[in-house]
Structures are given as C-alpha cells and as structure tokens.
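Visitor: Could you take me closely through one part of this model, and then follow the chain to the other places that deserve a careful look? I would like the local geometry and the burial of the residues set side by side.

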Amino acid sequence: MIRTWTIAAKAGALVGAGVLSITALLAGCSAGQEKSPANVQPPPVAHAVPKPEATTVAKPVMKVADQPPPKPADEPKPAKAKPTEKATTPQEAFREDLEEMADKPRDLGTPLVDANAELVRLSAEQPVWVDKKNKHVVLLGETCKAGYPLEFFATYSNRAYESVVAVNVKPSTIHAGLLAVGAKPGHPARFQPEFSPPTGTEIAIEVRWKDPQGQVQSARAQDWIRDIKTKKALDLNWVFAGSIAETDSSGQIASYQADGGDMICVLSLPSAMLDLPRRGYGAIESRSFEAFAERVPREGTPVTLLMKPIKPAKPSAPQTGAKTAAQDPAEAEKRAIEAAGPWLALIDQGQYGKSWEAASDRFKDAAERRDFIAKLNDARKPLGNAKSRALLSKHYTTSLPGAPDGHYVILKYQTVFEKKAAVETVTSMLDKDRKWRISGYSIK
C-alpha cells in the first residue's frame, strides 16, 4: 500500500533592499593558478675570471680598515636565489584568483529555457539573464564533485570541494536580478543576542541539464542535496537573505559581502545571499548535508539554474451570492473529483513522473519523485491495465492526521484492472494558489 504524503509548507519574511551594480566575470569549475611575482630580475650572468699568475713576492700586511674593497672579479659567485612571492592579503589573493579564472572562461552554451527571446542579459561578461515575464533569474554553471560535507549548493569554483555547482556569476549580479523579478531580501543569519535564522522571499531553484542522449532533464535543486543522517533530500526552500552591502559616501554600493562566494548556502552564514531558514553549523563534523551523488550528473556537466521567487498566494475574491469551494463541501467535492480524473488518467497511461509533477507541493515535498515512481510501479504493474473505475465515496474534511488544517476531499474508487480489482484512495486538497491538486494516493 502506498501511503498518503502531506507535509507543511514554510515561508520567510520579506523586507526591502537597494539596487546593486553589476560586476565582472568569474569562471568555470577549475581554480586558477597563482601568478608569477612582478618585477623579479634574473640573476646576473657570471663571467670567466682569468687565473692570476703565481708570485713569490710577499704582500704587506694591512689592517682590515686599510684594505681596499675587493674588485668585482674577485667576489665569490652569489648563490642563485629563488624569487620570493609578493606578500598579499587574503583579499588581494582572492582577487588574483578571480582575475586568473576570468582569463580562462569556459563556454557553457546557451541557457536551457523554453523562451530565449524573453531573456535580458544582466552583464556583458557574466552568463546571467532575467526573464521578467516568467519571473526568473537564469544563470549558467557546471556540476562539481564535492569532497566534503556541503557549505553551499552553488558558489565559485575555488570552493567546489564543498559545493554541488560552480558558477561564474557574482552574487551581487544575481541579487540585482532577483530584485528585478520582485523578490524582497530579508537578512542573513544572526547570532547575537541569540540565533535568528535568515529571512526573505522564498526562492524556488530548478536545475536543467542534458543527459548523455542530449535530452533536457530537470530537477529541483533540493533533489541534489541530502541529509547526511537520514539520507533524504532537502525539504526546504532557500530564502533571499540578501547578504550585507556597504555603501560609499554617495550612497552607491561599494561592496557586497556575498561576492566572496557566499552565494547559495546550506548552513548559516552571516553574509549569505541565499540561505536556508534554519540553523546550520560550520564545523565539518557538524554539517547537515552532502551531495546526492546518485542524482547529480557527472562532474563538469553544464547546468542552467532557474531562480524564481515564491510569493504568498493572494486570497481569492469572495463570490457574490454564492459560497466558495472552500466554504461549500458539495462544491469542494465536485472540484476535487474534477482534479482527480486527469491525474488518475496520467497514472493509467504509465506517466508516473508527470503525475508527480502535477501533484500538490506538499505531495512533492513528502514523496521524492524517484521514490514515488518506483513505489507506484511496484504497486500497479502486477495489476495490469485499468479497465474501469467507479467512485465509491467522497468525504470533505478540514483536517487529516499528520497534515496541517486545510480543505481536503478523500475519494475512494472501485477500479477493475486486467488481473484483479482494487480500491484506490485519492486525496485532493485546495492548494495555496486556490486550485485543487492531489495530495495523496494509495491502492489496495
């Protein structure tokens, strides 16, 4: 029997922000090499010195102070010294790394989006676009092989050993794009006087890539990260924390702290652009997440990241002279049945992946796509094709065990399959956008 999946959704608080300037290119998935120090002269060329003739004439003894300085030809050859590297601050060293990476950018292709014509490039050098019509910020990166528990989902390539994706776009540029599509930054994690998790508009992140056959594939960014202990995929959306910006005397942005690499984080960083609304610990032995290696494409695969603000659903306007679906159980049952029909048809056609995508957010948060497909295939395959389906019962309720209060309709169907008959239970719910979607399914 397949259980009913439902969990609660979460949201972050919203606050205001300023406008950011767009800056220069970073680059691909391999860190740059250090540059040779400047102004280092080659060692002098030693010339042959003629051997002095032998003599028996004794030279007078002179005091050290009276001795003339030795001729250059009589000086011993100096040892060849290795050039010393120029001392730099961590900030200067980081800047040199970025300059070195910018010299060797990798062409990651074009964004894997449905409508390239809607994209407006945010920078001539950086591969980042904004799609105002569809409310997306689009950027390119490539997969990396994390060698440690994760600190980031995405960051620069010089931190790829603790990230899933390396990108060649500055966080300040992404910040500007998120503002353009309506996201509101909150604040990063705070630790004084007590811990306060990051806040801001929730951001949904989708990753797209091409498989070895050239077909475009898609997944939630959360599906590429799993909890180290439970081995389950991440179940939270990121929030637009907004990092910390410093301004000059004219009020212009002089620096953006996340430009150091704190881009899309999975632990609590006080300068993060995007972070998880929970407490995360920085020590490697205390970190919560690792790359979901079985799901992440091979290292170096170009990926497109689509970042979209998740805005709270606006309540629908009340209908004059009639009750809404949420207020009228009979209307709710009618809408739930209308939602269940096409969804069950997808299952009958074997399109399990599409049925998962068409389900409610709570369903998808509680049931990972691959797990749902595998379990549904195990349950349906022995039964054969569906021959007929009749509604046995319908029941409207505002509460279910283990689920938040809401508007639910439980539907039971008597279904005849090729090999035997079974009872299917479909739970429909009124989703946050006021549409009825499937939140649970079982068969026995």
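Guide: T415 sits in strand β17, which covers residues 408-417, and in this predicted model T415 counts as buried because its relative accessibility is 0%, where the cut-off for burial is under 20%. The side chain of T415 is nevertheless engaged in a polar contact, made with the side chain of E424 at 2.5 Å.

A buried residue of another kind is D227, which belongs to strand β8, residues 225-227. D227 is buried and yet has no salt bridge, for the nearest side chain of opposite charge, that of R278, is 5.6 Å away, and a salt bridge would require a side-chain nitrogen of Lys or Arg within 4 Å of a carboxyl oxygen. What the side chain of D227 does reach is the backbone nitrogen of K229, at 2.8 Å.

The loop between β8 and β9 (238-240) also holds K231, whose phi is near 65°, a positive value in a residue other than glycine. K231 is partly exposed, since its relative accessible area is 42%. A positive phi, near 55°, is also found at S243, again a residue other than glycine, and S243 is placed in the loop between β9 and β10 (245-247). With a relative accessible area of 9%, S243 is buried.

Turning to helix α2, residues 171-180, one finds it mostly covered, with eight of its ten residues buried; these are P171, S172, T173, I174, H175, A176, G177 and L178. An α-helix has 3.6 residues a turn, so residues three or four places apart point the same way. After α2 comes G182, with a positive phi near 100°, and the loop between α2 and β6 (202-210) contains P193, where the peptide bond from Q192 to P193 is cis, its omega being near 0°.

On the surface, K132, K135, K184 and K311 form a positive patch. One of these residues, K132, is located in the loop between β2 (128-131) and β3 (136-143), and K132 counts as exposed because its relative accessibility is 54%, where exposure is set at over 50%.

Key: Residues numbered from 1 in each chain as written. Predicted model: local features only at pLDDT ≥ 70, side-chain atom pairs only at ≥ 80, totals over all residues. Heavy atoms only, no water. Patch = residues over 30% accessible without salt bridge, like charges linked within 9 Å, V, L, I, M, F, W, Y side chains within 5 Å. Areas by Shrake-Rupley, 256 points an atom, 1.4 Å probe, with all protein chains shown as cover. Lys, Arg positive; Asp, Glu negative; His and termini not counted. Charge placed at Lys NZ, Arg CZ, Asp CG, Glu CD. Helix = DSSP H or I, 4+ residues; strand = E, 2+ residues; numbered from the N terminus. Buried < 20%, exposed > 50% of the residue type's maximum accessible area, 1.4 Å probe, protein only. Polar contact = N/O pair within 3.5 Å; in protein donor to acceptor, adjacent residues only side chain to side chain.
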